[in-house]
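Below are my notes on this model, set out as numbered points. Please read them alongside the coordinates.

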Amino acid sequence: MTQNKVSLSLRKISDSKLVFPIIALALVLIFDLIFVRGFFNIEIRDGNIYGNLIDILRSGSTVILLALGMTLVIATGGVDLSVGAVMAISASVAALMMNPYVMAKELPENLQKLVSDPNFTYAPLWAVLLVTLFISALCGLWNGLLVAYAKIQPMVATLILMIAGRGIAQLITNGIRIQIFYEPYAFIGNGWAVLPFPLYIVVVVFVLLWIFTRKTSIGLFIESVGVNARSSFFSGIDEKKIKLLAYTICGLFAGMAGILASANIKTSDANNIGAALELDAILAVVIGGTLMVGGRFSLFASVIGALVMQATTTSMYAIGVPANAVLTIKGVVVILVLLLYSEQVRNFFRRITSPKKDVAT
Amino acid sequence: MKLNKLFKVFAVVIVLVMMLAACKPAATEAPAATEAPVATEAPVATEAAKVYTYADMTVGFIQTGSEGGWRAANTASFKETAETLGLTLKFYDAQNKLENQVSAFRNFIADPEVNVIVLAALETTGWDDVLKEAQAAGKVVVIEDRRIDASSDLYATYIGADFALEGQNAGIEMCKLLEGSESKNVVELVGNVGSSAAKDRGTGFRETMGQCGITVTQSQTANWSATEGKDVMAAFLKADPNIQGVFAQNDEMGLGAALAIKEAGLVPGVDIKIITVDGTAGAFKGMIAGDLNTVLECNPLLAPQVYEAALKALNGEKLPAWIPSQEGIFYQADAEAIFPSRTY
């Protein structure tokens, strides 16, 4: 990967950006090492690498994509609550384009007409992907317009699509869960080529976004808008266009996440796809050290943040935490991680343990 | 005090008027509806002696609103069955609003044509007043799908699913599937924590699984969703691969689990048996593909049972407070043959 370039550029930004997320991830994994037997077992099955660690990467791929888009939005000082709903929209659009026969009549009695041939699709794959991504980018653009031009507070503006989006997704598919049989599409989320296919997508997308933000001045513009929109305006940066861009990219990435998620389970589940994932994505960005008020961001740290979230979930399944304790424990982990690098807490500990100098960095 | 008394008198008058109103259409209907043989008895017969048929029945049905495939099938069932039985159906969609349901209920009480009111309640509580009004007006009330918290004297009967029975049947079916298997380790994919469907299906399963020595080795919520079903199953398989069966509390989670089993290089339906609950089209596709073994139905097609119960109640028969809905068990071998006749 571009490990070298990444770490180099990140060192330029700030060392602590990466250190703490990696410590957090390491803590979760060390916990697994001690308490879950065989958590790190990796074996080859049917020529593919198979194990819990791979699961974390694979299941985490949707949250990683969301977190990447979310990082840009948060860096401008905003937030996008609608990404989960946009995922549902993109999943519904894609499924409908591949199998529009489901909608032949109003009531689902026509579910029988589902074409279950794995080689059948109504629209060709490239068209499905293109239209789906286009529509999700439009969703992002809509958020961007509301935030940048209508000057609605980001949380409120994106809340609109968060609520309406899932409804739109249900309207698109008429409330039916469309099953996806078209194998090439399913491969996107479900396929393996030594490693799970979604991982390759995530890597490519990450590299492209990194080049886009760090090899051009876009990233710098985004950060400056987040730090101080007014002064960046006076220095010639069009704050509105930058925000519009950030939200559009966020929508586009949410659309990609929706494609991965629906391909992974081979259904367009408008009710459940991406449900509450916007919160995971926001937490991932926060764990990655990007401040909610905006400003400096690190894409790689957000990826690590997303992996922390996913590793926590996967470890809980592996340990066998009782179902009704899962959410609470997830919350506890997040709060512990965030406390780990809250400035106040660090100062607090510094004060308490003043004789020991080693805590302070 | 005086006011109170006045009010009581007023109430009695209203009730009397209502009763008269309720009797009137029935009396005029009687000779009209029974033109031929019964006609000779009809003039002398009192109300109780009148035998209602489906043709005399006008049902006011208050649906919750639309929410997905299950509900759509439920509505369609009421409309289609009404047509085939030849009864009159007045359908009201409450758009998921409680106040709409209550006002529709009152409209149906006031409607002289309606003699049966069927309710799929949005809320469990707060129905006592309208139920009393309906009783005073002599309407038969049947509650379907969603149970309500009201004295069972106030309505004819409740018809809905028996989640515990679904769980028990799942246990029995799992026993059949694992017959001859040396170890019988089953993992469970639970629905939303705290929902009655999830709770009762889980307890039901545990009641019957002991008969053949099944143990639930791992159990985790997957929130009715396929994505989580897949993730949870993938983790189960790694934590302890010694798994012979999956009990998924709905179809989606079971289908997700099947995908995870495939990824582990095993064959769902063969190496690991899967039982799910609901009976949606997706589950049938899954059975035809061989991924799912047995599907327990959670039936939305309640109309035939509801209409039958309503007719009995109209004819003065006393019904049990709860009639569990008839639910089928579908097997992999029959899936292909049954599938075309499935409507949801």
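**Notes on the chain B–chain A contact and the chain B sheet**

1. In this predicted model, 34 residues of chain B are in contact with 33 residues of chain A (contact: C-beta atoms, placed from the backbone, within 7 Å). Helix 7 (226-239) of chain B is one of the elements that supply at least two residues of the side touching chain A, and its nine residues are the largest share. That side divides into 16 nonpolar, 13 polar and five charged residues (nonpolar: Ala, Val, Leu, Ile, Met, Phe, Trp, Tyr, Cys and Pro; charged: Asp, Glu, Lys and Arg; polar: the others, Gly among them).

2. Chain B holds an open sheet of six strands, order 2-1-3-4-5-11, with parallel pairing. Helices (H or I, at least four residues) and strands (E, at least two) are DSSP runs, numbered from the N terminus; strands pair if DSSP finds at least two bridges between them. Strand 2 (88-93) and strand 11 (322-324) of chain B are the edges.

3. Strand 3 (residues 116-119) and strand 4 (residues 140-144) of chain B are joined by four bridges, with B:Val140 the bridge partner of B:Val116.

4. In chain A, strand 1 (residues 42-45) and strand 2 (residues 48-51) pair antiparallel over four bridges. A:Ile44 stands opposite A:Ile49. Two residues lie between these strands, and A:Asp46 takes a positive phi near 50°.

5. Numbering: residues count from 1 along each chain as its sequence is written, with chains lettered from A and ligands numbered from 1 in the order written. Local features need pLDDT of at least 70 and side-chain atom pairs count only at pLDDT 80 or more, while totals for chains, interfaces and linings use all residues.

Key: Two residues are in contact if their C-beta atoms, placed from the backbone, lie within 7 Å.
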